[in-house]
Amino acid sequence: MLTREWRPSWPVDLGLTLGPHRRGSGDPAYTVGPDGAVWRASTTPEGPGTLRVLLRGDTVEGRAWGPGAEWLLDGLPELLGAADDPTSFTPAHEVLRTAAARFGHFRVGRSRNVFEALVPAVLEQKVVGKEAWRAWRYLVRRFGQVAPGPQPPHLRWPLRVPPPPRVWVTIPSWEWHRSGIEAVRARTIIGAARVASRLEVSDTAEADRRLRSLPGIGVWTSAEVRQRALGDADAVSVGDYHIPGIVGWALTGRKVDDAGMLELLKPYAGHRYRVTRMLELSGGGPPRRGPRMPVRDYRAF
């Protein structure tokens, strides 16, 4: 076990900052213990690793195990938002001033792990979260390895490390089918896994270019990846099913489309993801009058 203590210059909120990395309440690679400690299992450039993060007063305590332990602890401050600079964010709308007061400790962290953020983003393309998270659970439990180090004592199933790129390439077609993923998304993940090393860049514009050059990866998927892996506070999830409605309703009292959302977000250039995330956290949105998107099950096809 390796350890690190870090005292940030702002009050860290682990749930707000690390929450976007969790893929549903049953995520096999992420859990929160009864003591508030966040556990994450990751495939790092040095190999598999487990990271446990606990807040004690104004000090962050990190513990890590496995070949990737040192890499995970080196990136702990960035994971919690040390590279994010919200000082130039000036909310012009009352709803955002309220959100800033309520979620003032929110920072956009970065995992520095592009491919690991890419796989669940592809699984979530054009489907409801439950459908994508069900597939993520199956694939990580089936092909990921047990996370190194001690297991969180509250878990029924062991924490597991998401598979490395070389494993995603070898998953047979019937296992994708059993997970509930159709051939299109499977091909997208396999294609990205074959060039995974080329995707690991720190510049957000270059990462966007490389991601969107791959078949099956568009502006929405690229933004979702850059938000989590690179801490891009300006990456807007254009094409999202919910976010334009949330933004439009919060800022104007009416629903808008993607173009309308981008127009409303223009004054917040550099912080557009920060704005959408804070509005999501605020819980507002237009009333739902139509049917919800169904949870499909390709395993029955």
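Colleague: Glu70 lies in helix H2, residues 69-74; what makes a stretch such as this one a helix?

Modeller: Helices here are DSSP runs of H or I with at least four residues, strands are runs of E with at least two, and both are numbered from the N terminus. The model is a predicted one, in which local features need pLDDT of at least 70 and side-chain atom pairs count only at pLDDT 80 or more, whereas totals for chains, interfaces and linings use all residues. Residues are numbered from 1 along each chain as its sequence is written, and side-chain values use heavy atoms, with hydrogens and water left out.

Colleague: Is Glu70 buried or exposed, and how do you know?

Modeller: The word rests on relative accessible area, with a 1.4 Å probe and protein chains only: buried is under 20%, exposed is over 50%, and partly exposed is in between. Glu70 has a relative accessible area of 53%, and is therefore exposed. Its C-alpha atom is separated by 9.9 Å from that of Thr44, which is 26 residues away along the chain.

Colleague: Leu72 belongs to helix H2 as well; why is Leu72 called buried?

Modeller: The relative accessible area of Leu72 is 8%, so it counts as buried. Contact means heavy atoms within 4.5 Å, and when residues up to four places away in sequence are set aside, Leu72 touches Ser42, Thr44, Gly49, Thr50 and Leu51.

Colleague: What makes helix H5 (residues 114-123) enclosed?

Modeller: Every one of its residues, 10 of the 10, is buried, and therefore H5 is largely enclosed by the rest of the structure. The buried residues include Phe115, Glu116, Leu118, Ala121 and Val122.

Colleague: How do you know that Asn113 makes a polar contact at the start of H5?

Modeller: A polar contact is a pair of N or O atoms within 3.5 Å; within protein, one must be able to donate a hydrogen and the other to accept it, and residues adjacent in sequence count only if both atoms are side-chain atoms. A side-chain oxygen of Asn113 comes to within 3.4 Å of the backbone nitrogen of Glu116.

Colleague: Which residues does Thr221 touch, and what makes its link to Gln125 a polar one?

Modeller: Thr221 sits in helix H12, residues 219-229, and, not counting residues up to four places away in sequence, it touches Leu118, Ala121, Val122 and Gln125. The side chains of Thr221 and Gln125 are joined by a polar contact of 2.8 Å. With 2% relative accessibility, Thr221 is counted as buried.

Colleague: Why is Ala192 called buried, and what does this residue meet?

Modeller: Ala192, found in helix H9 (residues 183-194), has a relative accessibility of 1%, so it is counted as buried. Apart from neighbours within four places in sequence, Ala192 is in contact with Phe115, Leu118, Leu199 and Leu214.

Colleague: How do Arg112 and Lys126 stand in accessibility and in phi?

Modeller: Arg112, in the loop between helix H4 (94-102) and H5, has a relative accessible area of 26%, so it is partly exposed. Lys126, in the loop between H5 and helix H6 (129-143), reaches 78% and is therefore exposed. Phi is near 65 degrees for Arg112, a positive value in a residue other than glycine, and near 60 degrees for Lys126, again positive in a residue other than glycine.

Colleague: Where is Gly26, and why is it called partly exposed?

Modeller: Gly26 lies in the loop between helix H1 (14-18) and strand E2 (30-32), and its relative accessible area is 23%, so it is partly exposed. Leaving aside neighbours within four places in sequence, Gly26 is in contact with Arg137 and Arg141. Gly26 and Trp136 are 110 residues apart in sequence, yet their C-alpha atoms are 9.5 Å apart in space.

Colleague: What makes the protein chain, with its 15 helices and seven strands, as compact as a globular protein of that length?

Modeller: The radius of gyration is taken over C-alpha atoms, and the globule rule is 2.2 Å times the number of residues to the power 0.38. The radius of the protein chain is 19 Å, close to the 19 Å that the rule gives for 301 residues, so the chain is as compact as a globular protein of that length. Of those 301 residues, 53% count as buried.
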